[in-house]
Amino acid sequence: MRTTTKENPEYCAVESAMEVLGGRWKLAILKTLVPGTLRFGGIRRALPAITQRMLTRQLRELEADGLVTRTVYREVPPRVEYTLTDAGQRLDAIMDQLDTWGRWYQETVHRPESAADAP
């Protein structure tokens with residue numbers, strides 16, 4: 001089980017953010033939910049490389065950390081929807097900045113070998 005920022009009050013703000021947002025999929029899941037509410041299958045289609053188990057795990061952690069709301073509708077079959085909370089919505093601008101930086105990094109610092117070797 002992971003530690004939480006509540007369990008270690010000596011975390012600096014960056015450590016606290018990394019504890020909540022760290023991992024390969026969390027920011028991608030959050031970015032997928034920025035436009036609006038999605039069901040599990042919609043998130044899965046948007047992120048085809050993630051396994052069902054990992055998506056379930058990450059959504060549970062995001063919900064526990066207050067970034068995502070999970071709504072279960074009492075229907076047959078049951079319908080479950082995921083929405084960003086206000087705290088999750090506040091990450092939108094940060095995710096845009098990270099996207100911009102990631103694109104810059106790919107193009108300038110970490111170019112594929114074939115592009116770097118081209119005349």
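Let's start with two helices, H1 and H2. H1 covers residues 13-21 and H2 covers residues 26-33. Their axes come within 9 Å and cross at roughly 75°. Angles of 65 to 115 degrees count as roughly perpendicular, so that is how H1 and H2 sit relative to each other. Keep in mind that this is a predicted model.

Who meets whom? On the H1 side, Glu19, Val20 and Leu21 make the contact. On the H2 side, the partners are Lys26, Leu27 and Leu30. By class, that contact has four nonpolar residues, two charged ones and no polar ones.

Stay with H2. Which of its residues are buried? Lys26, Ile29, Leu30, Thr32 and Leu33. Look down the axis of H2: these buried residues fall within an arc of 160°, so they line one face of the helix.

Now the core. In soluble globular proteins, nonpolar side chains tend to be buried together. Here, the largest nonpolar core has 19 residues. Those touching the most other members are Ile29, Leu30, Leu33, Ile43, Leu67, Val68 and Tyr82. Four elements give two or more residues to this core: H1, H2, helix H4 (52-64) and strand S3 (79-84).

Take Val68. Setting aside neighbours within four places in sequence, Val68 is in contact with Leu30 and Leu33. Its other contacts are Leu62, Glu63, Tyr82, Thr83, Leu84 and Thr85.

One last stop, at a proline. Pro77 lies in the loop between strand S2 (68-73) and S3. The peptide bond joining Val76 and Pro77 is cis, with omega about -10°.

Note on methods:
Residues numbered from 1 in each chain as written. Predicted model: local features only at pLDDT ≥ 70, side-chain atom pairs only at ≥ 80, totals over all residues. Heavy atoms only, no water. Axes fitted to C-alpha atoms, helices over the stretch in contact; angles between N-to-C directions. Parallel < 35°, antiparallel > 145°, perpendicular 65-115°, else oblique. Contact = heavy atoms within 4.5 Å. Nonpolar A, V, L, I, M, F, W, Y, C, P; charged D, E, K, R; others polar. Buried < 20%, exposed > 50% of the residue type's maximum accessible area, 1.4 Å probe, protein only. Arc of directions from axis to C-beta. Core = buried A, V, L, I, M, F, W, Y, C linked by side-chain atoms within 4.5 Å.
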